[in-house]
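Me: Could you take a close look at one part of this model with me and explain what its residues are doing? I'm in my first year, so please explain the terms as you go.

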Amino acid sequence: MDEICVVTTVVDARSVADVLAAAAVAGRLAACAQVGGQVDSTYWWRSGMETSTEWSVQFKTAPDRLAALLDQIRVSHPYEVPEILVSRVESGNPDYAMWVYEHTRS
């Protein structure tokens, strides 16, 4: 039980990032969520190149809670095509992995 999942997304406002983070933790879908500072993103959208300022949100969850967390992010995300990246990582601290597992339970 040393594996955890790290889910990352970006949104267009700090307030939106804060709401996504709080909802996931309150719903026990993530043990913690971190809102990162502004990033400038350049990307293709509707046949044109755009640049915008975004806020990143990183969620830490247990593997068995991943699907529910992804569903919540998809439903709550304001973007038409949200970036949702998932990394499965081995925790370097088994106590932290256990903490993530325990805090994603009701």
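Reply: Let's begin with helix α1, and with its outward side: Val19 and Ala26 are exposed there, on the other side of the helix from its buried residues. Exposed means over 50% relative accessible area, buried means under 20%, and partly exposed lies in between (1.4 Å probe, protein chains only). Before we go on, please keep in mind that this is a predicted model, where local features need pLDDT of at least 70, side-chain atom pairs count only at pLDDT 80 or more, and totals for chains, interfaces and linings use all residues. Residues are numbered from 1 along each chain as its sequence is written, and side-chain values use heavy atoms, with hydrogens and water left out.

Now turn α1 around. Its buried residues are Ala17, Leu20, Ala21 and Ala24. They share a side of α1 because they cover an arc of only 95° around the axis (the arc is that of the directions from the helix axis to the C-beta atoms). An α-helix has 3.6 residues a turn, so residues three or four places apart point the same way.

The length of α1 can be checked too. This helix holds 13 residues, 14-26, and at 1.5 Å a residue they should span 18 Å, which agrees with the 18 Å between its end C-alpha atoms. The expected span is 1.5 Å times one less than the number of residues. Helices (H or I, at least four residues) and strands (E, at least two) are DSSP runs, numbered from the N terminus.

Helix α2 makes a good companion to look at. In α2, residues 66-76, the buried ones are Leu66, Leu69, Leu70 and Ile73. These buried residues fall within an arc of 100° when seen down the axis, so they line one face of α2. Ala67 and Val75 are exposed, on the face of α2 turned away from that buried side.

Finally, look at what comes ahead of α1 in the numbering: strand β1 covers residues 3-11, and seven of its nine residues are buried. β1 has two partners, and two strands pair if DSSP finds at least two bridges between them. With β4, residues 84-90, β1 runs antiparallel over seven bridges. With β3, β1 also pairs in the antiparallel sense, again over seven bridges. Try finding Val6 on your screen: Val6 stands opposite Ser87 in β4, and Val6 also stands opposite Lys60 in β3.
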